[in-house]
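Reader: I would like a close look at one part of this structure, taken slowly and with the cut-offs behind each term spelled out. Please begin with how you decide whether a residue is covered, and add other places afterwards if they help me read the model.

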Amino acid sequence: MQSEGKVTTNQIDASELSFDDFKLIVINDYKIAVESRQASILGRREVLTGKAKFGIFGDGKEVPQIAMARAFKKGDWRSGYYRDQTFAFATGISTIKEFFAQLYANPSVEADPSSAGRQMNCHFATRSLNDDGSWKDLTDIKNCSSDIAPTGGQMARLVGLAYASKLFKQNPELDYLKNFSVKGNEVAFGTIGNASTSEGVFFEAINAAGVLQVPMAISVWDDGYGISVPAKFQTTKEDISEILKGFQREEGTNGYEIFKVKGWDYPALCETYERAINICREEHVPVLIHVTEVTQPQGHSTSGSHERYKEKDRLAWEKEHDCIIQMRKWMIESAIATDEQLNEIESEAKRAIKAIQKEAWDEFLVNIKQEQGQVIKMIHAFADGNAALIKIANQLASTPDALRREVLSSARKAIRLSVSTPSADRDVLVKWYLAQAEINEEKYSSKLFTDGKESPFLVDQVDAQYHEDSKMLDGRELLNACFDANFARDQRLVAFGEDLGHIGDVNQGFAGLQAKYGDLRITDTGIREATIIGQGIGLALRGLRPIAEIQYLDYLLYALNILSDDLASLSYRTKAGQKAPVIVRTRGHRLEGVWHSGSPMGMILGSLRGMHICVPRNMTQAAGMYNTLFRADEPALVIECLNGYRLKEKLPDNVGEFTVPLGKAELIKEGTAITVVTYGSTLRIVEEAAEELEQLGISIEIIDPQTLLPFDTDQLCKKSLQKTNKLLVIDEDVPGGGTAFILQQILEEQQGYYLLDAQPKTLTAKAHRPPYGSDGDYFSKPSVDDVIEAVYAMMNESKPDQFPELFK
């Protein structure tokens with residue numbers, strides 16, 4: 001059946017089908033294939049004629065994707081890449097009309113449910129959430145995690161999507177989560193191009209899934225190339241399944257089932273997928289289906305032609321082995337359809353897809369044309385013979401199929417050119433433009449976070465409670481008590497990372513908790529940072545609450561692409577259609593040496609917009625932040641102070657309940673001379689320096705922002721500057737790193753610039769990583785001496801008589 005370009009396939013059970021029924025199913029599959037091909041052909045034309053910016057399509061992979069779609073059930077998940085349009089059509093994950101809406105970047109969720117025009121075409125996603133951010137029943141949906149363009153990047157989250165099925169199957173305490181799983185019966189389907197199997201994250205994911213033994217089904221679409229680079233430069237032996245033979249399971253051992261099938265052989269593909277997915281689903285064994293001899297009739301993308309790099313013999317072979325041509329031939333030979341019947345299907349497909357494309361294009365333009373007409377009319381209303389204004393209006397009127405940017409740019413230019421001739425009619429355009437600015441902010445820049453009913457900003461603030469005899473514990477013990485209380489409270493919580501399980505992490509924050517809660521909930525992993533994060537994303541997409549531990553902040557770099565490209569952008573690129581409330585736990589700042597004392601906050605702040613960045617100064621604050629995040633549904637990075645685990649702190653009576661609100665800075669010490677803003681491990685150094693500064697007659701005010709994203713939402717820094725008029729920002733990042741961000745927030749966002757009577761200063765680490773040893777730390781990161789002298793120098797500039805130069 002077809003409705004607005006929606007045609008889906010059906011599973012084949014040959015034992016219950018008559019030949020006539022079988023023929024109808026196969027003919028329907030052929031119809032899906034040719035309609036998808038027509039969508040690719042017409043989509044390419046739309047790019048080349050300028051209606052769309054860029055196109056990448058799934059032509060040549062139609063038949064294997066239909067076979068894969070047959071095995072895909074409600075509750076299953078896909079984590080694929082940008083060649084899977086036929087699979088999306090065949091499963092109902094997308095319609096052809098939605099495909100074209102995305103090609104045109106229609107910013108409507110209704111038109112493009114996958115991304116609201118924020119992603120390039122063929123980047124699919126199902127909407128897992130209701131408008132208030134609550135979960136839908138994911139067992140009643142054929143689920144698709146939001147695609148990303150970086151090749152291989154989808155593999156990391158695929159591990160987590162499959163691992164969730166294992167947890168749902170083996171942990172009976174999760175049975176109450178009826179909307180997320182049917183006893184772990186779901187398979188996670190992954191797709192990847194043969195060239196992208198050269199990526200490190202592919203091998204990392206393959207190994208992780210083999211160790212975990214999870215129902216993960218990888219399909220490799222092998223067309224022999226990676227854009228223009230042939231397989232001989234991509235893969236050892238030019239064959240990914242050949243080099244993965246060591247992963248093939250044998251009797252009594254874990255491993256994979258590996259299958260190989262030609263991409264143009266429809267009956268073999270259907271048989272292979274049915275067999276492979278049954279094993280995957282029933283035995284919870286990962287499978288790899290290597291689909292070879294796939295073609296790419298239109299080349300890699302609209303940016304070039306594959307005739308430039310393929311030999312004539314190869315092009316001729318591809319034309320002959322086009323999967324649709326081969327399926328057509330088989331259908332005629334098997335008396336499933338006649339040549340005339342198939343001709344009719346093909347002709348109808350061309351007509352139907354053209355009509356769907358036109359409808360999608362008209363719907364994309366309808367609001368823009370209305371805005372275009374409004375702007376033309378408003379400019380003429382106050383042009384009053386002004387040639388420049390009339391020219392703007394006429395140029396806009398003569399622009400067929402104008403885009404919204406052209407409409408808004410014309411309005412803005414007219415407003416600028418008429419600034420010296422105010423009028424009531426001009427005011428109408430200004431008012432219209434300001435209203436449109438808000439509307440377009442929502443269209444193009446909203447939902448960096450889900451902002452649903454479980455937002456961390458809606459979590460009640462609960463103060464830490466103490467009594468006279470509250471215990472003084474090591475910081476690590478306080479954290480341990482916090483995790484213990486929360487794992488007892490919420491069965492959805494799971495934690496995993498290197499050395500996290502058996503020994504309770506390298507700093508003992510999870511000591512003894514695996515024995516208490518079991519190795520399904522608190523788990524060791526291999527050294528594989530990218531898929532530790534991916535494991536968290538997949539679990540979170542399926543309704544669990546993962547804590548993904550990266551052992552040291554320096555090691556975050558090995559997972560940065562997954563954090564930045566996938567997790568941080570998830571809510572934005574789906575316009576709050578999906579969420580993954582992963583808590584990434586790590587530790588950093590002060591310790592010893594190049595690899596264990598990193599504080600790359602500028603890198604983190606620049607790449608992880610869409611995650612909350614928590615920088616607690618001690619373990620009490622860290623626990624309060626965890627308590628907030630465990631009750632919310634947005635992703636966060638929590639950076640514990642590496643040198644704080646053995647410092648004594650008072651244990652709150654409500655250690656698993658008190659909360660630290662995100663974005664709320666804290667006044668640590670009142671002062672009058674200078675506002676010092678710092679966080680994490682340097683805060684204790686600043687507190688120590690403050691004592692000697694008091695002896696020198698300098699009273700500093702110390703503010704801890706606590707979180708950098710969001711930053712000081714109550715503008716405590718600005719309030720402090722109203723008193724001190726001087727600002728010093730201190731951290732352990734490189735010069736121009738985290739401190740530059742903090743300055744931008746205070747001086748620009750909070751307008752603190754206008755409150756200063758002296759140049760704002762920063763004190764940071766050196767540009768290099770810290771060398772090993774205590775001396776290395778002293779000479780490369782801010783010390784107490786550095787803080788005292790930086791503050792003193794600022795006082796010397798303003799009051800040289802009272803504070804003479806130190807080193808003159």
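Author: A residue is called buried under 20% relative accessible area, exposed over 50% and partly exposed in between, using a 1.4 Å probe and protein chains only. By that scale Glu-238 is partly exposed, because its relative accessible area is 47%. Numbering starts from 1 along each chain as its sequence is written, and side-chain values use heavy atoms, with hydrogens and water left out. The model is predicted, so local features need pLDDT of at least 70 and side-chain atom pairs count only at pLDDT 80 or more, while totals for chains, interfaces and linings use all residues.

The part I would examine is an open sheet of seven strands with mixed pairing, in the order β11-β10-β12-β13-β15-β14-β20. (Helices, H or I of at least four residues, and strands, E of at least two, are DSSP runs numbered from the N terminus; two strands pair if DSSP finds at least two bridges between them.) The edges are β11 (522-524) and β20 (707-709), each with a single partner strand, so one side of each has no neighbour in the sheet. On average, and with direction ignored, neighbouring strands are turned by 20° against each other; such angles are taken between N-to-C directions on a scale from 0 to 180 degrees, with axes fitted to C-alpha atoms, for helices over the stretch in contact.

Within this sheet, β12 (residues 545-549) repays attention, since five of its five residues are buried. Arg-545, Ile-547 and Glu-549 point one way from β12, whereas Pro-546 and Ala-548 point the other way. On one pairing, β10 (residues 493-497) runs parallel to β12 over five bridges, and Val-494 has Pro-546 of β12 as its bridge partner. On another, β12 and β13 (residues 583-588) are parallel over three bridges, with Ala-548 matched to Val-584 of β13.

Towards the β20 edge the sense of pairing is antiparallel: β14 (residues 612-614) and β20 share two bridges, and Ile-613 stands opposite Leu-709 in β20. Packed on the sheet is helix α21 (residues 619-630), which touches β10, β12, β13, β14, β15 (636-641) and β20, where contact means heavy atoms within 4.5 Å. The direction of α21 makes about 165° with that of β15. Leu-709 is also joined to Pro-710 by a cis peptide bond, with omega about 0°, and Pro-710 sits in the loop between β20 and α23 (716-724).

A record bears on part of this region. An unreviewed UniProt entry carries the annotation "domain: Transketolase-like pyrimidine-binding" over residues 473-647; its positions are given in the numbering used here, its feature names are shortened, and annotations may be inferred rather than shown by experiment. In the model, the end C-alpha atoms of that span lie 8 Å apart, and the span is 37% helix and 17% strand.

Returning to the backbone, most residues other than glycine have a negative phi, and most peptide bonds are trans. Glu-238, in the loop between β6 (229-230) and α7 (240-243), has a positive phi of about 55° although it is not a glycine. His-284 also has a positive phi, near 55°, and lies in the loop between α8 (266-283) and β8 (287-292); at 7% relative accessibility, His-284 counts as buried.

Elsewhere, the aromatic rings deserve a look. The whole structure holds 26 aromatic pairs, meaning rings of Phe, Tyr and Trp (its six-membered ring) with centres within 6.5 Å; planes under 30 degrees apart are stacked, over 60 edge-to-face and the rest tilted. Tyr-81 and Tyr-82 form a tilted pair, because their centres are 5.2 Å apart and their planes stand at 45°. The rings of Tyr-104 and Phe-364 are stacked, because their planes meet at 25°, with centres 6.2 Å apart. Tyr-104 lies in the loop between α4 (96-103) and β2 (143-144) and Phe-364 in helix α11, so this pair ties together parts that are 260 residues apart in sequence. Tyr-104 is buried at 4% relative accessibility, and Phe-364 is buried at 9%. Both belong to one aromatic cluster, together with Phe-57, Phe-89, Phe-99, Phe-100 and Trp-361.

Helix α11 (residues 339-383) also meets helix α10 (residues 323-333): their axes come within 10 Å and cross at roughly 145°. The contact is made by Arg-328, Met-331 and Ile-332 of α10 with Asp-339, Leu-342, Asn-343 and Glu-346 of α11.
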